[in-house]
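Work through the exercises below with the sequence and the structure at hand. Try each task before reading its solution.

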Amino acid sequence: MAAGVLVLSGTAVAADLLLLGENEEITSGRVKDQGTDVGWAEGITPAWVSGHMELDIPATAQSPQAAYEVTSRFDTGILTFALTRSEAEAYLAEYPPQGKWLEPTAAQSDLSAHDFTHLGLPEPETFKKGVRYGYVCPGAAKATASPEPSGAPDMPYEMEDGLDTSDGQCVRLYAHEYAPQRTRIYLRAHFDPGISSLPAAPPSASAG
């Protein structure tokens, strides 16, 4: 009887170890700071996020940065870079929004600092002047609307709440003219959890 219990116990332990190994393989390199299932992923590059958003980074872009957060509800990819004013206008013409560019009527001063703050930048929703925004959907039909900002009143930054990606993966794009001849592009997209493997975490430096 005791031998049977030991055999069953050994089988259960082996099964648990097998499942643990599978889970470690799935989550390895995915996240840091908040455990194995949520948090900011390691090893994320601007090129990797750009590929998932299906939006190019111009060769002339300066200070590109990216991050990817895994949560139990959905994943969030963010990407940002700076361009000259003329380069930014060419980029926005290449990736026009669904509809017209919008301008906020007010800044969200009470916005919780989270996404781009992780990269050391302010959240684009906190800007009121010099910013326009809209949804860019690379998988949808090309937009034909004028790229000029809409003059209609707009509730600030309310388009994203539904996380609608029914027409392909739509990316929220903000263009902030932060200097007379400089524009910073902010891109944010939401993804279903686990849609693809994340980059492997960089190996830690060996001791000694």
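**Exercise 1: the disulfide**

Task: Find how many disulfides the whole structure holds, and describe what a disulfide joins here.

Solution. A search of the whole structure, which is a predicted model, finds one disulfide. Step one is to identify the partners: they are Cys137 and Cys170, with sulfur atoms 2.1 Å apart. This satisfies the cut-off, since a disulfide is a pair of cysteine sulfur atoms within 2.5 Å. Step two is the handedness. The torsion about the S-S bond of Cys137 and Cys170 is about 105 degrees, so the disulfide is right-handed. Step three is the location. Cys137 and Cys170 both lie in the loop between strand E4 (131-136) and strand E5 (171-179), so the pair ties together parts that are 33 residues apart in sequence. Last, check the surroundings: both Cys137 and Cys170 are buried.

**Exercise 2: the strands beside the disulfide**

Task: State how E4 pairs with E5, and name the residue in E5 that stands opposite Arg132.

Solution. Start with the direction: E4 and E5 are antiparallel, and six bridges connect them. Then look at single positions. Arg132 stands opposite Ala175 in E5, and Val131 has His176 in E5 as its bridge partner. Now turn to the next neighbour. E5 is also joined to strand E6 (residues 182-191) by six bridges, again in the antiparallel sense. Here Leu173 has Leu187 in E6 as its bridge partner. E5 and E6 form a hairpin, with two residues between them.

**Exercise 3: the sheet and its helices**

Task: Give the order of the six strands in the sheet, then find which strands helix H2 lies across.

Solution. First list the elements. The protein has three helices and six strands, and from the N terminus on they run α-β-α-β-β-α-β-β-β. Next, place the strands: the open sheet has the order E1-E2-E3-E6-E5-E4, with antiparallel pairing. Its edge strands are strand E1 (39-40) and E4, each of which pairs on one side only. Then add the helices. Helix H2 (residues 46-53) lies across strand E2 (62-70), strand E3 (75-84), E5 and E6, and runs at about 110 degrees to E3. Helix H3 (residues 85-94) packs on the sheet and touches E3, E4, E5 and E6. The direction of H3 makes about 135 degrees with that of E3.

**Exercise 4: the whole protein**

Task: What percentage of the 208 residues is buried?

Solution. Buried residues make up 38% of the 208 residues.

Notes. Residues numbered from 1 in each chain as written. Predicted model: local features only at pLDDT ≥ 70, side-chain atom pairs only at ≥ 80, totals over all residues. Heavy atoms only, no water. Helix = DSSP H or I, 4+ residues; strand = E, 2+ residues; numbered from the N terminus. Buried < 20%, exposed > 50% of the residue type's maximum accessible area, 1.4 Å probe, protein only. Pairing = 2+ DSSP bridges. Contact = heavy atoms within 4.5 Å. Axes fitted to C-alpha atoms, helices over the stretch in contact; angles between N-to-C directions.
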